[in-house]
Structure formats: C-alpha cells, structure tokens
Amino acid sequence: MSKNFTKIKADDFNYSAFKLIGKDWMQITCKLGDKVNTMTASWGGIGIMWGKTVAYIFIRPKRFTKTLVDKTDYLTLQVLSNAMRKTSNYFGTASGFNEDKIKTSGVTVVSDDKYAYFEESDVVLKCKKLYAQEMKEECFIDKESDTRWYEAKDYHTMYVVEIDSIEVSDEFKTKLN
C-alpha cells in the first residue's frame, strides 16, 4: 500500500527544525544513474538565503553519500517515520562503500528524473544544490568545537541547497496543525 504525500508551502511547514534535524534524524539521499544512497544526518539547518528557502547540510569526506552528492545537482532531505528509527540508525552507521544500504534496509525507493526518497518517510524536502564549501581548521573561531568534533581533521563540506518542494505524509500532516 503506497503512502500518500501532500505538497505544502514552506510557510505552512511549522514544525521545529531543531526537532526535524537533531531529534528525528533526517536522511540525505541522492541518486546518480541507478545508484541511490543515503546517510543519516543530525547536523544542519533550514532558513532563507539569497532570497530562497534553503537548507544547510554537512557531509564528511569519508561518506559514500558525499561521492554521489558531489556528482549531482539534486538531493532529498527526509525523515523516516518513528517506526523506522532502527533503519535511520543503520543509515548513519553503515557505509555505502561496503554495501547496498538501500537493498539491505528494505525501504521502498520512490524516484523520478531528479530525486529519490523513501515511501516510508514522513517528510521529504526536494532540494537543488546552490553552494558547497569545505570547512577549514583556520576558519574556526571557537577552537573548542574544532578540537571536540574534528580530532581526525576530517572536516565536513557544507552545502546550501534550495528547497524546491516540501512533501509530508498524511500521518505527519496532523503534526503541522
């Protein structure tokens, strides 16, 4: 049975970005040809930049998802339903370099020419890349954050992505009222 999604306006998405990203664990998903990969991310943000509705995401260089994100212009940010918490954890710990996480997880991929996401999602933000920049040690004003989070000096790349559309499952839509 397919899940129903409703496209909503960004102004109608009155759900906490802190909860969406930090607590619900979003996935960064993209496809390149037939290959779809995802990773769980708990760092990021949502806002306005350059007159556009955007999200800010961060990916470490060792992640397989980064190799795909760097080769395509489109990606999705999504949150799986709470019933899929174990799968979200798996997506954050397993590597696409070593296995086909999508196949192993059993999620259902929904795909078109640009985007791939999972039918089991509650929220899907379809995004287009606008900007990418590697974080650098010398740019840290708060040296404690550098020391705490980058002991291996494996700095994230920050991406600014325009949110083309937001789609929510019928079950999730009740959380927006």
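**Overall dimensions, cavity and pocket of the predicted model**

For a chain of 177 residues, a compact globule would be expected to have a radius of gyration near 16 Å, and the value computed for the protein, 16 Å, agrees with this expectation. The structure is a predicted model, and the C-alpha trace spans about 50 × 40 × 30 Å along its principal axes. Six helices and ten strands are assigned in the protein. Of the 177 residues, 45% are buried, and the protein exposes about 9800 Å², of which carbon and sulfur atoms supply 50%. When contacts between residues at least 6 apart in sequence are considered, 72% of them join residues that are at least 24 apart.

The interior was then examined for enclosed space. One cavity of 30 Å³ or more was counted, and the volume of the largest cavity is about 50 Å³. Its lining is formed by Leu20, Ile21, Met26, Ile46, Ala55, Leu77, Gln78, Val79, Val123 and Leu125. Two or more of these lining residues come from each of helix H1 (17-23), strand E6 (74-80) and strand E9 (121-134), with E6 giving the most, at three residues. In terms of residue class, the lining of the largest cavity comprises nine nonpolar residues and one polar residue, while charged residues are absent from it. The polar member of this lining is Gln78, which lies within the range of strand E6 (74-80).

Open space was considered separately. The largest pocket has a volume of about 360 Å³, and of the 17 residues that line it, Met39, Thr40, Ala41, Ser42 and Arg63 are the closest to its centre. Strand E3 (35-41), strand E5 (52-59) and helix H3 (85-93) each give two or more residues to the lining of the largest pocket; among these elements, H3 gives the most, with four residues. Of the residues closest to the pocket centre, Met39, Thr40 and Ala41 fall within the range of strand E3 (35-41). By class, the lining of the largest pocket divides into six nonpolar, eight polar and three charged residues, and Arg63, one of the residues closest to the centre, belongs to the charged class.

The linings of the two sites can thus be set side by side: that of the largest cavity has nine nonpolar, one polar and no charged residues, whereas that of the largest pocket has six nonpolar, eight polar and three charged residues.

Terms used
Residues are numbered from 1 along each chain as its sequence is written. This is a predicted model: local features need pLDDT of at least 70, side-chain atom pairs count only at pLDDT 80 or more; totals for chains, interfaces and linings use all residues. Side-chain values use heavy atoms; hydrogens and water are left out. On a 1 Å grid over the protein atoms alone, a cavity is a set of points where a 1.4 Å probe fits but cannot get out, and a pocket is an open set with protein on both sides within 12 Å along at least five of seven lines; lining residues have an atom within 4 Å of a point. Grid points are joined across faces, edges and corners, and a volume is the space filled by probe spheres set on the points. The radius of gyration is taken over C-alpha atoms; the globule rule is 2.2 Å times the number of residues to the power 0.38. Buried means under 20% relative accessible area, exposed over 50%, partly exposed in between (1.4 Å probe, protein chains only). Contact means heavy atoms within 4.5 Å. Accessible areas come from the Shrake-Rupley method with a 1.4 Å probe; for residues, only the protein chains shown count as cover.
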